[in-house]
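User: I would like to go through this structure step by step. Could you show it first, and then we can begin with how some of its parts pack together?

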Amino acid sequence: MDERIGGNSFKFGDRRTSDVVICLRNKKGRPDLLYSHSFILKSKSKYFADRLSDPSSCSYIDIQCSEFDYDLHVELLKRLYLPTDSLLDSWDSVRSALDILQVAVALHCAAIVDSCIQYLEAVPWEDSEEDEILEVVSQLGPIAMSILARIQPVDSSATKDVYISAIRFATSVDDLCPPFRDELRISAQEQVEYMLGDDDDMPFVTADDEVKLETRIGLSKIFSSFETELSLLLESEVTVELAENKIKHRLSDLEWMCNILPKMDLMKDFVAKWVDISNNLSAILEDKKLDSVMWGLKLKLIEVTSKVLDAVGYGNVILPAPSRVQLLKSWLPYIRKLKPVLDSMSNKDIAFAYKMDEDLCQSIEGAMVSLILALPSNDQAEILADWMDTEQLRYPDLSEAFEVWCYRTKSAKRRLEGGLDRLDNATS
């Protein structure tokens with residue numbers, strides 16, 4: 001490394017031309033004499049310029065450093081001899097630039113500081129490096145804050161624009177450029193869900209009318225595509241496997257919507273639509289053509305229905321009683337019929353992957369009991385009577401709902417009789 005000035009070439013460590021000796025001492029007192037040039041030091045570092053302007057320093061400068069940054073000081077002194085326009089190309093890693101930056105700031109080496117900052121602003125960082133950069137820059141103060149421009153929080157308007165674009169792509173239903181589009185769409189869905197995580201700014205975005213409208217449009221597109229694919233399912237020329245895959249894609253999209261809609265207070269839109277199409281869904285699933293096929297599709301439908309039952313059963317989504325009755329009457333018989341079939345097939349074939357797991361079963365059963373107990377008494381009676389008239393009483397187990405209904409019925413009768421007695425006494 002050398003610097004050519006006024007026809008003279010200066011080389012770091014050239015004892016023959018050196019007019020300044022720098023002594024580096026670490027904490028253990030280890031001295032190391034480095035031969036340098038006052039012209040280079042004064043022109044490249046304000047620290048050295050101030051030291052050399054002191055008559056007591058003469059041509060000898062003593063610098064204390066730790067054993068950890070000893071080599072960094074040596075490296076920085078060497079870089080002082082590089083032409084300014086070559087500094088940026090001299091960095092080969094985030095680690096080296098970040099380490100030298102700290103020493104350069106301490107010794108007021110403006111050109112090296114600028115090149116470090118330029119380099120760190122431009123190159124990609126690993127996650128571990130990002131944490132360290134944050135720590136170092138916060139200690140260096142405003143001079144290095146521009147490095148953090150890429151990770152500074154954006155205003156809510158920009159966040160909203162990004163979210164709207166992401167939700168548009170995440171809810172796209174066309175089949176252009178498969179399979180890469182599917183991968184990109186799933187990635188967009190994951191990022192939308194991540195963006196809706198706990199964050200101080202996101203409530204302002206999710207409450208925005210434009211954002212809610214775009215989300216509703218996306219939900220409508222997915223439901224429309226789902227119903228279209230489902231309506232083609234029973235056509236004779238349709239390949240079962242191809243149709244199943246397409247419908248499962250849409251069901252996965254709907255399941256994802258179930259995860260984000262509650263965070264935007266839009267789950268009611270999903271539930272209302274699911275209730276509307278439930279009768280048609282169950283009718284298609286009961287078709288003889290599908291008796292022994294599409295187990296994966298049937299299980300996925302149950303999983304999505306479970307989320308709807310949970311939302312309605314525990315009062316997170318409020319529906320009128322007739323809609324709640326319709327939801328139960330559409331899915332209770334089908335789930336009651338499907339579960340033992342899946343269990344039987346799983347027992348026969350260990351590789352059969354479409355069994356309802358315990359968590360799903362408990363979730364559905366608990367939601368149904370809660371849902372039934374919130375219905376008018378006559379509707380409860382009708383549903384419980386139908387449940388007891390079937391051979392399959394084991395699942396879902398509605399005995400808790402039946403016990404509560406019995407208790408309430410007796411209590412209601414006693415209250416009625418007590419009221420009539422009081423009325424007769426008052427008349428007498």
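Analyst: Let us begin with a pair of helices. The axes of helix α7 (residues 156-170) and helix α10 (residues 209-231) come within 9 Å, and they cross at roughly 5°. Please keep in mind that this is a predicted model.

User: How are α7 and α10 oriented to each other, roughly parallel or roughly perpendicular?

Analyst: They are roughly parallel, because angles under 35 degrees count as such. In general, two packed helices are described by the angle between their axes and the distance between the axes.

User: Which residues in α7 and α10 meet?

Analyst: From α7 there are Lys160, Tyr163, Ile164, Ile167 and Arg168, and they meet Glu210, Val211, Glu214, Thr215 and Lys221 in α10. By kind, the residues of this contact divide into four nonpolar, one polar and five charged.

User: Let us step back. How many helices and strands are there in the chain?

Analyst: The chain has 17 helices and five strands. Of its 428 residues, 42% are buried. Its accessible surface comes to about 23400 Å², and carbon and sulfur atoms account for 52% of that.

User: And among contacts between residues at least 6 apart in sequence, what share joins residues at least 24 apart?

Analyst: That share is 71%.

User: Now the strands. What is the order of the strands in the open sheet?

Analyst: The order is β4-β3-β5, an open sheet of three strands with mixed pairing. β4 (31-36) and β5 (60-64) stand at the edges with a single partner strand each, so one side of each has no neighbour in the sheet. From one strand to the next, the twist averages 25°.

User: How many bridges join β3 to β5, and do they run parallel or antiparallel?

Analyst: Strand β3 (residues 20-25) and β5 run parallel, and five bridges join them. Two positions illustrate the pairing: leucine 24 stands opposite isoleucine 63 in β5, and arginine 25 stands opposite glutamine 64 in β5.

User: Where do the side chains of β5 point?

Analyst: They alternate along the strand. Ile61 and Ile63 point to one face and are buried, whereas Tyr60, Asp62 and Gln64 point to the other face and are not buried.

User: Which helix lies across β3, β4 and β5?

Analyst: Helix α3 (residues 70-79) does, running at about 160° to β3. Helix α3 also has a helical partner: its axis and that of helix α4 (residues 94-106) come within 9 Å and cross at roughly 80°. That crossing angle makes α3 roughly perpendicular to α4. The contact is made by Leu72, His73, Glu75 and Leu76 of α3, together with Asp99, Ile100, Val103 and Ala104 of α4. These residues divide into five nonpolar, one polar and two charged.

User: A new topic: cysteine 258. Is it buried or exposed?

Analyst: Cysteine 258 lies in helix α11 (residues 240-260). It counts as buried because its relative accessibility is 6%, and the cut-off for buried is under 20%.

User: Which residues is cysteine 258 in contact with, leaving aside its neighbours within four places in sequence?

Analyst: Those are Met267, Phe270 and Lys307. In addition, the C-alpha atoms of cysteine 258 and alanine 311 are 9.7 Å apart, although the two residues are 53 apart in sequence.

User: What about leucine 285: where does it lie, and which residues does it contact beyond four places in sequence?

Analyst: Leucine 285 lies in helix α12 and is buried, with a relative accessible area of 5%. Beyond those neighbours, leucine 285 contacts Leu290, Lys298, Leu301, Trp331 and Tyr334. Lysine 298 is 13 residues away along the chain, and its C-alpha atom is separated from that of leucine 285 by 7.7 Å.

User: Last point: what is phi of aspartate 265 and of methionine 294?

Analyst: Most residues other than glycine have a negative phi. Aspartate 265, however, has a positive phi near 55°, and methionine 294 has a positive phi of about 60°.

User: Where are these two, and is each buried or exposed?

Analyst: Aspartate 265 is in the loop between α11 and α12 (267-285), and it counts as exposed at 66% relative accessibility. Methionine 294 is in the loop between α12 and α13 (295-313), and it counts as buried at 4% relative accessibility.

Definitions and conventions:
Residues are numbered from 1 along each chain as its sequence is written. This is a predicted model: local features need pLDDT of at least 70, side-chain atom pairs count only at pLDDT 80 or more; totals for chains, interfaces and linings use all residues. Side-chain values use heavy atoms; hydrogens and water are left out. Two strands pair if DSSP finds at least two bridges between them. Axes are lines fitted to C-alpha atoms, for helices over the stretch in contact, and angles run from 0 to 180 degrees between N-to-C directions. Contact means heavy atoms within 4.5 Å. Angles under 35 degrees count as roughly parallel, over 145 as roughly antiparallel, 65 to 115 as roughly perpendicular and the rest as oblique. Ala, Val, Leu, Ile, Met, Phe, Trp, Tyr, Cys and Pro count as nonpolar, Asp, Glu, Lys and Arg as charged, and the others, Gly among them, as polar. Buried means under 20% relative accessible area, exposed over 50%, partly exposed in between (1.4 Å probe, protein chains only). Accessible areas come from the Shrake-Rupley method with a 1.4 Å probe; for residues, only the protein chains shown count as cover.
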